[in-house]
Amino acid sequence: MNKQTKKILLIFITTWILACTESKTSKNSETNSILSTMNDGYIHAKSLNGNSLKVFDLSDLNKTTDVKAIDIGIENIQYIPLERRNDCLVAYIGKIAADDNSFYISSVYDIKRFDSKGKFITKIGQRGRGPTEYPLINDFSISFDSNVYVLSRDLKKIFVYSNNDEFIKTIPAPNQVSDLCCYNDEIVCYSTDIDGAIDNSFQIIDYDGKIKKQIPNRYKFHDRIRYRRGQMISFCENSKGIFIKEQLSDTIFKLSGMNLNPKYVIVRGGKLITRGLLSKVVSGPPLEIPQANYIVDLRTIILEDYIYL
């Protein structure tokens, strides 16, 4: 586990331990893969490119099981009291990220940086309409050299600051980007598709904003089929690489070079809201999904040998 992963602060995690029930062979329409029984007790799949996928069948998990932290790979829990002054109070947590020596907490309007003991260091950037200011924070990420990349979707810009709050530059953000993740020498940008206007779900850019790779949206909505709440994306980085899961997908992908390759499949037994489900409605008002009838993975966390949904 790398240093950044070790410092991730997990708050209020509801954990399902991924276990597999009785295996069976079937066609998976969402991943275009064939599921088949293997001797190790897991269901495996073959993707279209021939890669082997491990499949976790959660369709028969109907009850919650109490487990200890050690049972799910958590060996140590450290509580960090944050410094409490008027200029560094945290009223709302939008996202937490970390570098080697500190961690960052964002709200809609600001980012605060604390050291490993909870002492306040500085704010990153400032809300406003000036050339070095952002109106709102849609997302942010920390680069390998500890610079902070702050996304303003409305301005179609990414503001770049040092971790000591020195403004560096702005770079262009691709169209309708809602989430980003700095990884090695690139920034992976994700555009959520609510109204069917997005051609590319993922775009990989360099640290000057130049587009290096575009990954098209395979399941486009039309104007009468939309998931009104939008779609969350989870970026998970560990020593094995960076993993990505869309909320309306049963597949976890791994970024390899400039390609997204399927790695794991989560079987929900028909309880996952998928693009295929949304595509069945072709007329009438925009489709509203009853949340209580389905399982919605708001966030996915992959830490070494465990997956947390």
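Among contacts in the protein between residues at least 6 apart in sequence, 48% join residues at least 24 apart. Keep that figure in mind, for some of the pairs described below show what such a link looks like. The model is predicted. The protein has 309 residues, and 45% of them count as buried. About 16,800 Å² is exposed, and carbon and sulfur atoms supply 49% of that area. The secondary structure consists of two helices and 22 strands.

Start with the strands. Strands of a sheet pair through backbone hydrogen bonds, either parallel or antiparallel. Look at the open sheet with the order E13-E14-E15-E16. Four strands form this sheet, and the pairing is antiparallel. Which strands sit at the edges? They are strand E13 (179-183) and strand E16 (211-216), and each of them pairs on one side only. On average, neighbouring strands of the sheet are turned by 15° against each other, direction ignored.

Now walk across this sheet. E13 and E14 run antiparallel and are joined by five bridges. One residue pair to find here is Asp179, which stands opposite Tyr190 in E14. The two strands make a hairpin, with two residues between them. Asn184 lies in the turn and has a positive phi of about 55°. At the other end of the order, strand E15 (residues 200-205) and E16 also run antiparallel, again with five bridges between them. There, Ile204 has Lys213 in E16 as its bridge partner.

Is E13, an edge strand, mostly covered or mostly open? E13 is mostly covered, for five of its five residues are buried. Check both faces of E13. On one side are Asp179, Cys181 and Tyr183, and on the other are Leu180 and Cys182. Every one of these residues is buried, and both faces are covered.

Next comes the nonpolar core. The largest one has 13 residues. Which residues have the most contacts inside it? They are Tyr149, Leu151, Ile158, Ile171, Ile187 and Ile205. Several strands contribute. Strand E10 (148-152), strand E11 (157-161), E13 and strand E14 (186-190) each supply at least two residues of this core. So E13 and E14 take part in the open sheet, and they also feed the core.

Pick out Ile158 for a closer look. Set aside its neighbours within four places in sequence. Ile158 is then in contact with Tyr149, Val150, Leu151, Lys169, Thr170, Ile171, Ala173, Leu180 and Ile205. Among these partners, Leu180 belongs to one face of E13. Tyr149, Leu151, Ile171 and Ile205 are among the residues with the most contacts inside the core.

Move to another hairpin. Strand E7 (residues 111-115) and strand E8 (residues 120-123) pair in the antiparallel sense over three bridges. Phe114 stands opposite Phe120 in E8. Four residues lie between the strands of this hairpin. Gly118, in the turn, has a positive phi of about 95°.

Finally, turn to charged side chains. The whole structure holds six salt bridges. One of them joins Lys112 and Asp110, with the closest N and O atoms 2.8 Å apart. Are these two residues buried or exposed? Lys112 is buried, with a relative accessible area of 7%. Asp110 is buried too, at 16%. The cut-off explains the label: buried means under 20% relative accessible area.

Another salt bridge links Asp139 and Lys95, and its closest N and O atoms are 2.9 Å apart. Asp139 lies in strand E9 (residues 139-142) and Lys95 in strand E5 (residues 95-98), so the pair ties together parts that are 44 residues apart in sequence. The two partners differ in cover. Asp139 counts as buried, at 8% relative accessibility, whereas Lys95 is partly exposed, at 25%.

A further salt bridge brings together the side chains of Glu83 and Arg85, at 2.4 Å from N to O. Glu83 has 21% relative accessibility and counts as partly exposed. Arg85 is partly exposed as well, at 35%. This pair is part of a network of salt bridges that links Glu83, Arg85 and Asp87.

How values were computed. Residues are numbered from 1 along each chain as its sequence is written. This is a predicted model: local features need pLDDT of at least 70, side-chain atom pairs count only at pLDDT 80 or more; totals for chains, interfaces and linings use all residues. Side-chain values use heavy atoms; hydrogens and water are left out. Buried means under 20% relative accessible area, exposed over 50%, partly exposed in between (1.4 Å probe, protein chains only). Contact means heavy atoms within 4.5 Å. Accessible areas come from the Shrake-Rupley method with a 1.4 Å probe; for residues, only the protein chains shown count as cover. A salt bridge is a side-chain nitrogen of Lys or Arg within 4 Å of a carboxyl oxygen of Asp or Glu. Two strands pair if DSSP finds at least two bridges between them. Axes are lines fitted to C-alpha atoms, for helices over the stretch in contact, and angles run from 0 to 180 degrees between N-to-C directions. A nonpolar core is a set of buried Ala, Val, Leu, Ile, Met, Phe, Trp, Tyr and Cys residues joined through side-chain atoms within 4.5 Å.
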